[in-house]
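Please open the model in the viewer and keep the sequence panel visible. The stops below are given in the order in which they may be selected.

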Amino acid sequence: MTSDDERELRVHLERLKQEHRDLDSAIDALTAVAGSDVLQVQRLKKRKLQLKDRISQVEDQLFPDIIA
């Protein structure tokens, strides 16, 4: 992997992490409101899980497990 590829992956990883944090805040805000849209909260949680999986994939590309 070239340094440019690694830099792009790191930038992409940071964007994914930021979106994950934003979704977490949005979910917290929606659940704090009485009568919030349960379906919307479920969709946000699903998206958050998808982001977590993608974050793990990118981290595995950046930091591969090396068995000694």
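Begin by selecting Asp 24, which is placed in helix 1. The coordinates shown are those of a predicted model. Is Asp 24 buried, exposed or partly exposed? Its relative accessibility is 30%, so Asp 24 counts as partly exposed. Next, draw a distance from its C-alpha atom to that of Gln 50: the two residues are 26 positions apart along the chain, and the C-alpha separation is 13 Å.

**Gln 50**

Keep Gln 50 selected; this residue is found in helix 2. Gln 50 has a relative accessibility of 41% and therefore counts as partly exposed. Add His 20 to the selection. Gln 50 and His 20 are 30 residues apart in sequence, while their C-alpha atoms are 9.4 Å apart in space.

**The two helices**

Now colour helix 1, residues 3-32, and helix 2, residues 38-62. How do their axes cross? The axes of helix 1 and helix 2 come within 9 Å and cross at roughly 155°. An angle over 145 degrees counts as roughly antiparallel, and helix 1 and helix 2 are therefore roughly antiparallel to each other. Helix 1 passes helix 2 in a left-handed crossing. Sorted by class, the residues in the contact of helix 1 with helix 2 are 13 nonpolar, five polar and 11 charged.

**The nonpolar core**

Show side chains for the largest nonpolar core, which has 11 residues. Select Leu 9, Leu 13, Leu 16, Leu 23, Ile 27, Val 41, Leu 44, Leu 51, Ile 55, Val 58 and Leu 62 to display this core. The elements that give two or more residues to the core are helix 1 and helix 2. Which helix gives the most? Helix 2 does, with six residues.

Within the core, centre the view on Ile 27. With neighbours within four places in sequence left aside, Ile 27 is in contact with Val 41, Leu 44, Lys 45 and Lys 48. Of these partners, Val 41 and Leu 44 are listed among the residues of the core.

**Arg 54**

Proceed to Arg 54, whose place is in helix 2. Arg 54 counts as partly exposed because its relative accessibility is 32%. Which residues does Arg 54 contact, once neighbours within four places in sequence are left aside? They are His 12 and Leu 16. The second of these partners, Leu 16, is a core residue. Arg 54 and Leu 16 are 38 residues apart in sequence, and a line drawn from C-alpha to C-alpha spans 7.9 Å.

**Glu 59**

End the tour at Glu 59, which also lies in helix 2. Glu 59 has a relative accessible area of 27% and is therefore partly exposed. Leaving aside neighbours within four places in sequence, Glu 59 is in contact with Leu 13 and Lys 17. Leu 13 belongs to the core selected earlier. Finally, add Leu 9, another member of that core. Glu 59 and Leu 9 are 50 residues apart in sequence and 8.6 Å apart in space, C-alpha to C-alpha.

Note on methods
Residues numbered from 1 in each chain as written. Predicted model: local features only at pLDDT ≥ 70, side-chain atom pairs only at ≥ 80, totals over all residues. Heavy atoms only, no water. Core = buried A, V, L, I, M, F, W, Y, C linked by side-chain atoms within 4.5 Å. Buried < 20%, exposed > 50% of the residue type's maximum accessible area, 1.4 Å probe, protein only. Helix = DSSP H or I, 4+ residues; strand = E, 2+ residues; numbered from the N terminus. Contact = heavy atoms within 4.5 Å. Axes fitted to C-alpha atoms, helices over the stretch in contact; angles between N-to-C directions. Parallel < 35°, antiparallel > 145°, perpendicular 65-115°, else oblique. Left-handed = near helix turned anticlockwise from the far one by under 90°. Nonpolar A, V, L, I, M, F, W, Y, C, P; charged D, E, K, R; others polar.
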